[in-house]
Amino acid sequence: MTETAAVSPRDQAQILAQAMPYIRKFHGKTLVIKYGGNAMTDPALQQAFAEDVVLLKLVGMNPVVVHGGGPQIENALSRLGKKGEFVQGMRVTDAETMEVVEWVLGGEVQQDIVGMINRAGGKAVGLTGRDGAMIRAQKLRLIDAQDPSKELDVGQVGDIVSIDPSILKALQDDAFIPVVSPIGFGENNESYNINADVVAAKLATVLQAEKLLMLTNIRGVLDKEGQLLTELTPNRIDELCADGTISGGMIPKIAGALDAAKSGVNAVHIIDGRVPHAMLLEVLSEQAFGTMIKSR
């Protein structure tokens with residue numbers, strides 16, 4: 001509040017006027033937001049995120065939040081004496097780990113986010129992929145990056161078969177803000193842990209979202225020298241993956257973002273969730289944050 005008080009009435013009016021074209025442009029449009037990183041763990045950033053989501057809803061946009069929860073899952077596993085294991089950016093998920101993933105993501109983390117948004121004046125509703133039979137999944141077939149003839153078993157990690165967005169559309173029509181945990185279900189009712197970046201990208205595609213915003217712990221995609229790459233094309237992405245610049249957990253994030261861009265999502269941005277209100281600045285101003293993924 002002190003920052004706002006330091007701005008003169010004239011400057012405040014100018015800021016609001018500059019936001020008007022973007023409010024008009026994106027009114028009624030869907031924005032899918034992947035919420036993760038420091039923005040999920042720093043109290044000040046949590047509050048800024050919740051306020052941003054509520055404001056976007058109040059000015060007529062339709063935000064859909066998809067969240068991760070890697071650090072929270074890791075903490076829960078360590079309390080049980082288990083250590084998380086990752087293969088090519090994917091968490092190895094045995095049956096016991098899957099139980100932890102479900103109660104951490106679909107319970108603790110999801111309800112914290114719902115509560116935050118509600119406290120900020122919104123009406124959030126928490127969902128997993130089971131609700132409304134939203135996310136049907138199957139076991140992920142993970143090909144070994146070093147030896148394409150091999151397949152790696154990462155347990156109950158899911159690959160999305162289909163998404164039925166009808167429950168999300170019904171909630172949006174009633175002024176609710178959906179908060180989605182990245183858990184799907186299989187044909188035998190088994191649960192699957194799905195990468196949250198992948199879920200966000202697929203949801204953005206199915207919902208024909210105007211924007212996909214992916215909050216991270218870095219400024220965006222960086223080159224070998226640590227310089228920000230403001231735009232990425234498919235060819236450049238291939239080059240960066242080949243030389244190891246894009247690796248680990250960034251691989252599914254970039255792959256999902258590129259898939260969404262190729263499937264008609266108008267703008268895909270990987271932005272720095274450590275910057276207060278970065279999401280609001282991205283949507284309602286000319287200021288560009290992070291890396292934009294282009295379809296070609």
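Which backbone oxygen lies 2.9 Å from a polar atom of the side chain of Thr216? I began with this question, bearing in mind throughout that the model is predicted. The partner turned out to be Ile218, whose backbone oxygen lies at that distance from the Thr216 side chain.

**Entry: Thr216 and its surroundings**

I placed Thr216 in strand S13, which covers residues 211-216. I then looked up its accessibility and found 6% in relative terms, so Thr216 counts as buried, the cut-off being under 20%. Setting aside residues up to four places away in sequence, I listed what Thr216 touches: Lys253, Ile270, Ile271, Asp272, Gly273 and Arg274.

**Entry: the protein as a whole**

Next I stepped back to the overall fold and noted 10 helices and 16 strands in the protein. For its 296 residues, a compact globule would have a radius of gyration near 19 Å, and I noted that the value of 19 Å for the protein agrees with this. The C-alpha trace spans about 65 × 40 × 35 Å along the principal axes.

I recorded that 48% of the 296 residues count as buried, and that the accessible surface comes to about 14,300 Å², with 50% of it belonging to carbon and sulfur atoms. Among contacts between residues at least 6 apart in sequence, I found that 73% join residues at least 24 apart. For the charges, I looked up the mean positions of the 28 positive and the 36 negative ones, and these two positions are 4 Å apart.

**Entry: strand S1, Thr30 and Val32**

I turned to strand S1, which runs over residues 30-35 and holds Thr30 as well as Val32. Thr30 has a relative accessibility of 10% and therefore counts as buried, while Val32, at 0%, counts as buried too.

I compared their contact lists, in each case leaving aside neighbours within four places in sequence. Thr30 is in contact with Asn62, Val64, Gln172, Leu207, Ala209, Glu210 and Lys211. For Val32 the list reads Val64, Val66, Ala200, Leu203, Ala204, Leu207, Ala209, Lys211, Leu212 and Leu213. I noted that Val64, Leu207, Ala209 and Lys211 appear in both lists. As a longer distance from this strand, I took Val32 to Asp144, which are 112 residues apart in sequence and 30 Å apart in space, C-alpha to C-alpha.

**Entry: Tyr192 in strand S12**

Is Tyr192 buried or exposed? I found a relative accessible area of 8%, which means that Tyr192 is buried, and I placed this residue in strand S12, which covers residues 191-193. Beyond the residues up to four places away in sequence, Tyr192 touches a long list of others, among them Met98, Ala137, Gln138, Lys139, Gln156, Val157, Gly158 and Pro182.

Two of these partners I followed further. The C-alpha atoms of Tyr192 and Gln138 are separated by 7.5 Å, although the two residues are 54 apart along the chain. The backbone nitrogen of Lys139 lies 3.5 Å from a polar atom of the Tyr192 side chain.

**Entry: Asn189 in the preceding loop**

I found Asn189 in the loop between strand S11 (183-185) and strand S12. Its side chain makes a polar contact with the side chain of Arg130, at 2.7 Å. I also looked up the separation between Asn189 and Ser295, and their C-alpha atoms are 35 Å apart in space, with the two positions 106 residues apart in sequence numbering.

**Entry: positive phi outside glycine**

Which residues other than glycine have a positive phi? I noted two here, namely Gln208, with phi near 50 degrees, and His277, with phi of about 60 degrees. I marked them because most residues other than glycine have a negative phi.

Gln208 is found in the loop between helix H7 (196-206) and strand S13, and with 72% relative accessibility it counts as exposed. His277 is found in the loop between strand S15 (267-272) and helix H10 (278-284). At 32% relative accessibility, His277 counts as partly exposed.

Terms used: Residues are numbered from 1 along each chain as its sequence is written. This is a predicted model: local features need pLDDT of at least 70, side-chain atom pairs count only at pLDDT 80 or more; totals for chains, interfaces and linings use all residues. Side-chain values use heavy atoms; hydrogens and water are left out. Helices (H or I, at least four residues) and strands (E, at least two) are DSSP runs, numbered from the N terminus. The radius of gyration is taken over C-alpha atoms; the globule rule is 2.2 Å times the number of residues to the power 0.38. Buried means under 20% relative accessible area, exposed over 50%, partly exposed in between (1.4 Å probe, protein chains only). Contact means heavy atoms within 4.5 Å. Accessible areas come from the Shrake-Rupley method with a 1.4 Å probe; for residues, only the protein chains shown count as cover. Lys and Arg count as positive and Asp and Glu as negative; His and the chain ends are not counted. The place of a charge is taken as NZ of Lys, CZ of Arg, CG of Asp or CD of Glu. A polar contact is a pair of N or O atoms within 3.5 Å; within protein, one must be able to donate a hydrogen and the other to accept it, and residues adjacent in sequence count only if both atoms are side-chain atoms.
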